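Please open the model in your viewer and keep the sequence panel beside it, so that each selection can be followed in both places. The tour moves from one selection to the next and says what is there.

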Amino acid sequence: MITESVFWKEPLVAGAALIRDFMDREELSDDEFAQIERELFIGFYSVRKLLEATGKVSNSTRRLQVSVTWYPKRLDAPLADWYNRNNICELYEMDDRRSEDRDLLYVAHRLIHSFIFMLSGDDDGHGVFFTSDHDKDMRLNFVSTAEIVRIFEIVGNDYPSKLHCWRDPQTGEMKWRVPEDEEDYDAGP
């Protein structure tokens, strides 16, 4: 449970600045790569925890869509495993670039549980290739640096001012929601 979200959100905004700075460089030291990797994993873990916590982000942030590029698994490729997971060009159809919008939790879960995680700074653009152990035999995802920075800044700067709580009269369970606006807050559950 997150009691005070500022301690989770401020590092997200700082992480966005670090990622923006480092990911635009042509060469990264091992230390810089490790810093980016840490910021991404801890940042997306923080995003997930904030989305799952009661009233810590607005509904618009919960509904945030992320622009994802993905590549299907090659039909003739072997299973992706620990020995070949860095050979993405052999495992995935890199010429079959597909785009879609996915919800923020989809991206956070897949990146946190990534089986393949590769920073990219070449012709594919700056960003991260990733896929989870669940999806590795279906697809490889890519999210741009700009999209990652956008996510971290939106979540890191989202401080809802109201929280509406009530007890469900039928089940007795506590319910909550962040109202969209003042009018919505006054309307009740």
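Select residues 145–156 to begin, which make up helix α6, a run of 12 residues reaching 16 Å from its first C-alpha to its last, close to the 16 Å expected at 1.5 Å a residue. The expected span of a helix is 1.5 Å times one less than its number of residues. Helices (H or I, at least four residues) and strands (E, at least two) are DSSP runs, numbered from the N terminus. Bear in mind that this is a predicted model, in which local features need pLDDT of at least 70 and side-chain atom pairs count only at pLDDT 80 or more, while totals for chains, interfaces and linings use all residues. Residues are numbered from 1 along each chain as its sequence is written, and side-chain values use heavy atoms, with hydrogens and water left out.

Staying with α6, colour its buried residues, which are Thr145, Glu147, Ile148, Val149, Ile151, Phe152, Val155 and Gly156. Here buried means under 20% relative accessible area, exposed means over 50%, and partly exposed is in between, with a 1.4 Å probe and protein chains only. An α-helix has 3.6 residues a turn, so residues three or four places apart point the same way. Now pick Arg150, which is also placed in helix α6 and is partly exposed, because its relative accessible area is 30%. If you draw a distance from Arg150 to Glu27, you will find their C-alpha atoms 23 Å apart in space, with their positions 123 residues apart in sequence.

From Ile151 you can draw another distance, this time to Pro72, which is 79 residues away in sequence and 25 Å away in space, C-alpha to C-alpha. Pro72 has its place in strand β1 (residues 65–72), and it counts as buried because its relative accessibility is 12%.

Next, select residues 30–52, helix α2, whose 23 residues reach 33 Å from the first C-alpha to the last, close to the 33 Å expected at 1.5 Å a residue. Among its buried residues are Ile36, Leu40, Phe44, Val47 and Leu51. Is Arg48, in the helix α2 selection, buried or exposed? Arg48 is buried, because its relative accessible area is 15%. Its C-alpha atom is separated by 27 Å from that of Lys73, although the two residues are 25 apart along the chain.

Move on to helix α5 (residues 104–112), where Leu104, Tyr106, Val107, Ala108, Arg110 and Leu111 are buried. Zoom in on the start of α5, where a side-chain oxygen of Asp103 reaches to within 3.2 Å of the backbone nitrogen of Leu105. This is a polar contact, that is, a pair of N or O atoms within 3.5 Å; within protein, one must be able to donate a hydrogen and the other to accept it, and residues adjacent in sequence count only if both atoms are side-chain atoms.

Phe115, in strand β3, is the next residue to select, and it is buried because its relative accessible area is 10%. Phe115 and Arg102 are 13 residues apart in sequence and 19 Å apart in space, C-alpha to C-alpha.

For the cysteines, select Cys89, which counts as exposed because its relative accessibility is 55%, and then Cys165, which is partly exposed because its relative accessible area is 44%. A disulfide is a pair of cysteine sulfur atoms within 2.5 Å, and by this rule the count comes to 0 disulfides.

Finally, zoom out until the whole chain is in view. Its 7 helices and 7 strands run α-α-α-β-α-β-α-β-β-β-α-β-β-α from the N terminus on. Along its principal axes the C-alpha trace spans about 55 × 35 × 25 Å, and 43% of the 189 residues count as buried.
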